[in-house]
Amino acid sequence: MARKTNKGLIKKLTPDAVGEAFVITAIERYCQQILSDSMEASDRSLINMDLWKVIAKHNLETIKEYYK
């Protein structure tokens, strides 16, 4: 049996341009949510929010720069 990986899952979620656009939009919106501090305290319990915010900011900048 083949080992299941994150890359394998992403490949299944993005079989075409519509799937790719959905995932990119989902990432963009999640990053915006992280940076807006709108997450409930219970959502933060297992996540280092300082690190998550750095990653979210980087991802938004990368998306913006890529589509410039």
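## Helix H3 and the largest pocket

In this predicted model, helix H3 buries Met-49, Ala-56, Leu-60 and Ile-63. Why do they sit on the same side of H3? They cover an arc of only 65° around the axis, and that places them on the same side of the helix. Part of what covers these buried residues is helix H2, residues 17-35.

Now turn H3 around. On the other side, Asp-50, Val-54, Glu-65 and Tyr-66 are exposed; each of these has over 50% relative accessible area.

H3 itself runs from residue 49 to residue 66, 18 residues in all. From its first C-alpha to its last it reaches 25 Å, close to the 26 Å expected at 1.5 Å a residue. How is the N-terminal end of H3 capped? Asn-48 does this job: one of its side-chain oxygens lies 3.0 Å from the backbone nitrogen of Asp-50.

Helix H2 also has a part in the next feature, the largest pocket. About 250 Å³ of space lies in this pocket. Its lining is made by Ile-10, Leu-13, Thr-14, Glu-20, Val-23, Ile-24, Ala-26, Ile-27 and Tyr-30. Helix H1 (6-13) and H2 are the elements that give two or more residues to that lining. The largest share, 6 residues, comes from H2.

Here are the three helices side by side, in case you want to find them in the structure.

| Helix | Residues | Place in this report |
|---|---|---|
| H1 | 6-13 | gives two or more residues to the lining of the largest pocket |
| H2 | 17-35 | is included in what covers the buried residues of H3 |
| H3 | 49-66 | reaches 25 Å from first C-alpha to last |

Definitions and conventions:
Residues are numbered from 1 along each chain as its sequence is written. This is a predicted model: local features need pLDDT of at least 70, side-chain atom pairs count only at pLDDT 80 or more; totals for chains, interfaces and linings use all residues. Side-chain values use heavy atoms; hydrogens and water are left out. Helices (H or I, at least four residues) and strands (E, at least two) are DSSP runs, numbered from the N terminus. The expected span of a helix is 1.5 Å times one less than its number of residues. Buried means under 20% relative accessible area, exposed over 50%, partly exposed in between (1.4 Å probe, protein chains only). The arc is that of the directions from the helix axis to the C-beta atoms. Contact means heavy atoms within 4.5 Å. A polar contact is a pair of N or O atoms within 3.5 Å; within protein, one must be able to donate a hydrogen and the other to accept it, and residues adjacent in sequence count only if both atoms are side-chain atoms. On a 1 Å grid over the protein atoms alone, a cavity is a set of points where a 1.4 Å probe fits but cannot get out, and a pocket is an open set with protein on both sides within 12 Å along at least five of seven lines; lining residues have an atom within 4 Å of a point. Grid points are joined across faces, edges and corners, and a volume is the space filled by probe spheres set on the points.
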